[in-house]
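Dear colleague,

I am passing on the structure below, together with some notes on how one part of it is packed. Please read them with the model open beside you.

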Amino acid sequence: MSKQFTVPPVVFPSGGGVNPNVGNINQRRVPTAPFQPSSSAIPFMAFDMGSVPSSSGSLGGTISTSAVSSSASFEDEEPLLDELGIHPDQIWHKTRSILNPFRVNPAAHKDSDLSGPIFLYLSFCLFQLLGGKIQFGIILGWIVVSSIFLYVVFNMLAGRNNGNLDLHTCTSVVGYCMLPVVILSAVSLFMPQGICVVRYATAGVFVVWATRSCANLMVALADGVEEHRGLIAYACFLIYALFSLLVIF
């Protein structure tokens with residue numbers, strides 16, 4: 001036997017009358033406008049940098065002053081090569097003085113540096129590499145040993161009183177006088193491999209060139225060693241003859 005349930009009647013509101021409770025629920029909220037400052041009291045929120053006040057007491061004045069000072073400091077700084085101790089004009093002037101073995105300018109080599117010698121050493125290694133000879137370690141070792149050898153020989157000949165040539169100056173002079181050997185290494189790339197007499201004669205000319213330049217500079221940069229010019233030239237000849245053997249063989 002089924003039971004019957006009584007269902008209350010559903011009453012729909014008419015279009016004219018609106019229930020106040022229902023109206024509050026369906027009513028939309030009007031969006032509020034974003035916050036906009038009424039005045040430019042906060043200078044760092046302004047997008048126009050020209051409108052920022054430049055008074056010393058405000059923050060904007062501090063920012064503009066620091067920006068001007070930083071730009072001025074960058075303009076007053078030295079070039080990067082000068083800060084690293086690399087002077088291309090000075091290197092070219094010293095290298096050009098070696099090109100004439102009969103008239104070497106010792107005044108250009110009083111201010112010693114290692115930038116030019118390192119460039120010549122790398123050029124020598126590069127030309128040797130183009131010739132199929134990987135000798136970076138050998139060349140670097142011989143450069144260090146030859147500079148120390150010439151420094152010791154020179155100070156032993158000059159004596160304790162006249163031995164005023166330091167190791168840095170000696171390394172610089174030996175390095176710049178490597179220019180003839182570097183040219184020999186470049187010329188040997190175009191020389192025939194079979195004719196040994198031509199290679200030996202050419203190497204001898206460049207070795208004498210480097211020896212004369214180095215000996216004249218060593219004697220001119222120091223005092224009281226004019227009588228030992230022959231012994232200093234012999235030591236320089238041994239150094240550059242050793243480097244020339246790397247080119248010939």
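The crossing of helix 8 and helix 9 is right-handed, in what is, throughout, a predicted model. Helix 8 spans residues 179-187 and helix 9 residues 196-221, and the two pack at an angle of about 160°, with their axes 8 Å apart. Since angles over 145 degrees count as roughly antiparallel, helix 8 and helix 9 are therefore roughly antiparallel to each other.

On the side of helix 8, the residues that meet helix 9 are Pro180, Ile183 and Leu184, while helix 9 contributes Thr202, Ala203, Phe206, Trp209 and Ala210. Sorted by class, this contact has 7 nonpolar residues and 1 polar residue, with no charged residues. An α-helix has 3.6 residues a turn, so residues three or four places apart point the same way.

Pro180, which lies in helix 8, deserves a separate look. With a relative accessible area of 0%, Pro180 is buried, because the limit for that term is under 20%. Not counting residues up to four places away in sequence, Pro180 touches Ile98 as well as Phe206, Trp209 and Ala210. The C-alpha atom of Pro180 is also separated by 9.9 Å from that of Pro101, although these two residues are 79 residues apart along the chain.

How much of helix 8 as a whole is buried? Of its 9 residues, 7 are buried, so helix 8 is largely enclosed by the rest of the structure. The buried residues are Leu179, Pro180, Val181, Val182, Leu184, Ser185 and Ala186, and they pack against helix 4, helix 5, helix 7, helix 9 and helix 10.

The wider setting is the largest nonpolar core, which has 44 residues and in which Phe124, Leu150, Phe154, Cys214, Met218, Tyr240 and Phe243 have the most contacts. At least two residues of this core come from each of helix 4 (88-98), helix 5 (115-130), helix 6 (136-162), helix 7 (167-176), helix 8, helix 9 and helix 10 (229-248). The largest share, 10 residues, is supplied by helix 9.

Phe124 links this core back to helix 8: leaving aside neighbours within four places in sequence, Phe124 is in contact with Val181, Val182 and Ser185, each of them a buried residue of helix 8. The other contacts of Phe124 on that count are Ile139, Met178, Phe243, Leu246 and Val247.

With best wishes

Technical notes: Residues are numbered from 1 along each chain as its sequence is written. This is a predicted model: local features need pLDDT of at least 70, side-chain atom pairs count only at pLDDT 80 or more; totals for chains, interfaces and linings use all residues. Side-chain values use heavy atoms; hydrogens and water are left out. Axes are lines fitted to C-alpha atoms, for helices over the stretch in contact, and angles run from 0 to 180 degrees between N-to-C directions. Helices (H or I, at least four residues) and strands (E, at least two) are DSSP runs, numbered from the N terminus. Angles under 35 degrees count as roughly parallel, over 145 as roughly antiparallel, 65 to 115 as roughly perpendicular and the rest as oblique. A crossing is left-handed if the near helix is turned anticlockwise from the far one by less than a right angle, and right-handed if clockwise. Contact means heavy atoms within 4.5 Å. Ala, Val, Leu, Ile, Met, Phe, Trp, Tyr, Cys and Pro count as nonpolar, Asp, Glu, Lys and Arg as charged, and the others, Gly among them, as polar. Buried means under 20% relative accessible area, exposed over 50%, partly exposed in between (1.4 Å probe, protein chains only). A nonpolar core is a set of buried Ala, Val, Leu, Ile, Met, Phe, Trp, Tyr and Cys residues joined through side-chain atoms within 4.5 Å.
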